[in-house]
Protein chains: 2
Amino acid sequence: MNIGEISERTGLPAKTIRYYEDIGLISPMRDANGYRNFAENDAHKLAFLGRARTLGFSIEDCRTLLALYEDQSRASADVKHVATEHLRQIEDKIAQLESMRQTLRHLVSACAGDNRPDCPILSDLAKS
Amino acid sequence: MNIGEISERTGLPAKTIRYYEDIGLISPMRDANGYRNFAENDAHKLAFLGRARTLGFSIEDCRTLLALYEDQSRASADVKHVATEHLRQIEDKIAQLESMRQTLRHLVSACAGDNRPDCPILSDLAKS
DNA sequence: CTTGACCTTCCAGTTACTGGAAGCATTATG
DNA sequence: CATAATGCTTCCAGTAACTGGAAGGTCAAG
């Protein structure tokens, strides 16, 4: 399979797939002309990576998860640990964004949004 | 005021303050020895920037907001527009993270987390 | 045989800093 | 007063995960 075809199949841009090879996540074969030739196993790994990235795992987490996936003697505890830590970080991020949202909602609703200069949003930002 | 003092007062790292000067958000005076000398107005702007960044505004948004803040003839509608758009993006991000959270919670709770290899998290990532 | 689609590599840019090196300036200590 | 410890300066590189674009080789169709 050429990169265009696997890109279609996995939904990952060709650029991203090349990048994943650069950083050692995959190692597709090469044809005589230098073109990458992806096997089913590569497609499988790329799908795995795409899904993991969709769930927000970092590239380094993906690397770890992929290694665990390929290690038949892994302990599920190791996988769970990675996922739990990631979940915790997502929850932290959500809390942080929700706090921003609340403040912004207040400010936005308090702002007239007309052609006068008075603005509670700016007043809030400028308050000491 | 030297950079160390204003850093303390605003809570912004000196590195960040220098960076803000680099990108033209502030323009502190200089003493004869080359040291930056911050006036009250600089402190004020930095506090404004710190608060805006806390609310998640991008640097470019901050630049816009600062310009509006200093423009006595601004229309509050312009400010509100920036804030509303930012709020929308935050809400998008929250929704995306909440979706990740839900999936991850399911997967984590389904995983035994022991020393056996079976792992629903990996199974999910690997599913086509 | 040429055109267009597809592939290659390499370089630069993105966001908002952060760490570190090399080297002055100032201040505190013995 | 010499020296040592801060504090300040600039500049360079790195971070995360791509993305865009240039320059150029390859392949299938007409």
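This is a short talk on the two domains of chain A and on the protein surface around DNA strand D.

Okay, ground rules: we're looking at a predicted model, where local features need pLDDT of at least 70, side-chain atom pairs count only at pLDDT 80 or more, and totals for chains, interfaces and linings use all residues. Residues are numbered from 1 along each chain as its sequence is written, chains are lettered from A and ligands numbered from 1 in the order in which they are written, and side-chain values use heavy atoms, with hydrogens and water left out.

So, chain A. We have domain 1 (1-74) and domain 2 (82-128), with bounds from an automatic or database domain assignment. Their centres, over C-alpha atoms, sit 37 Å apart. Between them, about 360 Å² is buried, 76% of it from carbon and sulfur atoms; that's the accessible area (1.4 Å probe) the two parts lose on being put together, summed over both. On the domain 1 side, L55(A), F57(A) and D61(A) lose the most area, together 65% of what that side buries.

Now the DNA. Which residues come nearest to strand D? Of the 19 around it, they're K15(A), Y20(A), N33(A), Y35(B) and R36(B), where "around" means a heavy atom within 4 Å. Sugar and phosphate make up 66% of the strand D atoms that come within 4 Å of the protein.

Looking at phosphate oxygens of strand D, one is 2.7 Å from a side-chain N or O atom of R36(B). For the side chain of R18(B), that distance is 3.0 Å. With I59(A), a polar backbone atom is 3.2 Å from a phosphate oxygen.

Notes. A polar contact is a pair of N or O atoms within 3.5 Å; within protein, one must be able to donate a hydrogen and the other to accept it, and residues adjacent in sequence count only if both atoms are side-chain atoms.
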